[in-house]
Amino acid sequence: MENSILGIPTLPAFFSIFLLVYLFAYFVVFRNWGPKHRPEASSCLISLAHGSTAAIMSIYSILHSHKAPTFASPNDTFQNTVLEFSIAYFFLDLLHYLLFFPSDVLFILHHLATLYVFTTCRFLVHHGAYAILVLLFLAEITSGCQNVWTLASYRRADSPAAAKLYDFLSPRFYAFYSVFRGFLGPLFMFKLGLFYASGAADPKIPRWAWVSWMVVILIAIGLSILWVLNLWIHWYRNKVQKKER
């Protein structure tokens, strides 16, 4: 059954909302920013609009399930709405990268892989959204902090206030990110993997679906861990260099 907002299907409605936010950011909020950071900052604003909202929607869905869910439970209406909300965001941000940064292959592949998981769960399998939304919460709970940190990084060379905010947020954001992406995410994936491997999801979630989901998500988590590890190393080196001066 198709979800709708005021009679408009939710997927195009959400896409339109994110597009309006992006255009507002590009032509109004960041109109005076340089040609490189202007589109990047606009992407950050829609990421901020998506991430914090998706985390709230996901945790609400998890905590207010009408029946005791399993990782193979049928998707309910609100879970499908959250999936479509995220599909709309990732599709628009994918277009952003294809238009402005077509050589950023890693982010493009990340968005395509994420869209694959969300769209197959929503439109083909119709089961398993409960587990996907737990992972969405773990991924997006750090979004607000990450996007503020990213925006500050774009302006720190020109703004002492932005540089100060960046330096303040860096270790706190890295720690926050490490807990959710580096510890809780892998822990949940281990539990989810045991569930799938036991056959408890059969036949509700086809083997091709859960195997491909696991591969995609494990690669994403691995890359996230490498990314934040590199940030920690860079932060530590800078701290040592400042002490030696």
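What follows is a walk through the pockets, the nonpolar surface patch, the salt bridges and two backbone oddities of this predicted model.

The pockets come first. Rolling a probe the size of a water molecule over the atoms shows where empty space is left. The largest pocket comes out at a volume of about 1500 Å³. It is lined by 48 residues, and those closest to its centre are Phe107, His110, Gln146, Tyr177 and Arg181. Quite a list of helices chips in: α2 (37-63), α3 (77-100), α4 (105-125), α5 (129-140), α6 (143-155), α7 (160-197) and α8 each give two or more residues to this lining. The largest share belongs to α4, with nine residues. Sorted by class, the lining of the largest pocket holds 27 nonpolar, 15 polar and six charged residues.

The second largest pocket has a volume of about 250 Å³. Twelve residues line it, with Tyr166, Asp167, Trp235, Asn238 and Lys242 closest to the centre. Here the elements giving two or more residues are α7 and α8, and α8 gives the most, with six. The class split for this lining is three nonpolar, four polar and five charged residues.

Helix α8, which spans residues 207-244, also turns up on the surface, where it gives the most to a nonpolar patch, with seven residues. The patch covers about 690 Å² and is built from Leu106, Val211, Val215, Ile219, Leu223, Leu226, Leu229 and Ile233. As one example from the patch, Leu223 sits in α8. Its relative accessibility is 40%, so Leu223 counts as partly exposed, because that class runs between the 20% limit for buried and the 50% limit for exposed.

On the charged side, the count comes to three salt bridges. One of them joins Arg122 and Glu84, with the closest N and O atoms 2.8 Å apart. Arg122 belongs to α4 and Glu84 to α3, so this pair ties together parts that are 38 residues apart in sequence. Both Arg122 and Glu84 are buried.

Another salt bridge brings together the side chains of Lys36 and Glu40, at 3.2 Å from N to O. The two partners fall into separate accessibility classes: Lys36 counts as partly exposed because its relative accessibility is 48%, whereas Glu40, at 14%, counts as buried. A further bridge pairs Arg207 with Asp202, at 3.4 Å from N to O. Asp202 has a relative accessibility of 33%, so it is classed as partly exposed.

Asp202 leads straight into the backbone. Most residues other than glycine have a negative phi, and most peptide bonds are trans. Against that background, two spots are worth a look. The peptide bond from Asp202 to Pro203 is cis, with omega near -5°. Pro203 is found in the loop between α7 and α8, and Asp202, on the other side of that cis bond, is the residue whose side chain meets Arg207 in a salt bridge.

The other spot is His126, a residue other than glycine whose phi is positive, near 65°. His126 is placed in the loop between α4 and α5. With a relative accessible area of 39%, His126 is partly exposed.

How values were computed:
Residues numbered from 1 in each chain as written. Predicted model: local features only at pLDDT ≥ 70, side-chain atom pairs only at ≥ 80, totals over all residues. Heavy atoms only, no water. Patch = residues over 30% accessible without salt bridge, like charges linked within 9 Å, V, L, I, M, F, W, Y side chains within 5 Å. Areas by Shrake-Rupley, 256 points an atom, 1.4 Å probe, with all protein chains shown as cover. Salt bridge = Lys/Arg side-chain N within 4 Å of Asp/Glu carboxyl O. Helix = DSSP H or I, 4+ residues; strand = E, 2+ residues; numbered from the N terminus. Buried < 20%, exposed > 50% of the residue type's maximum accessible area, 1.4 Å probe, protein only. 1 Å grid on protein atoms, 1.4 Å probe; cavity = no way out; pocket = protein on both sides within 12 Å on 5 of 7 lines; lining within 4 Å. Points joined across faces, edges and corners; volume = space filled by probe spheres on them. Nonpolar A, V, L, I, M, F, W, Y, C, P; charged D, E, K, R; others polar.
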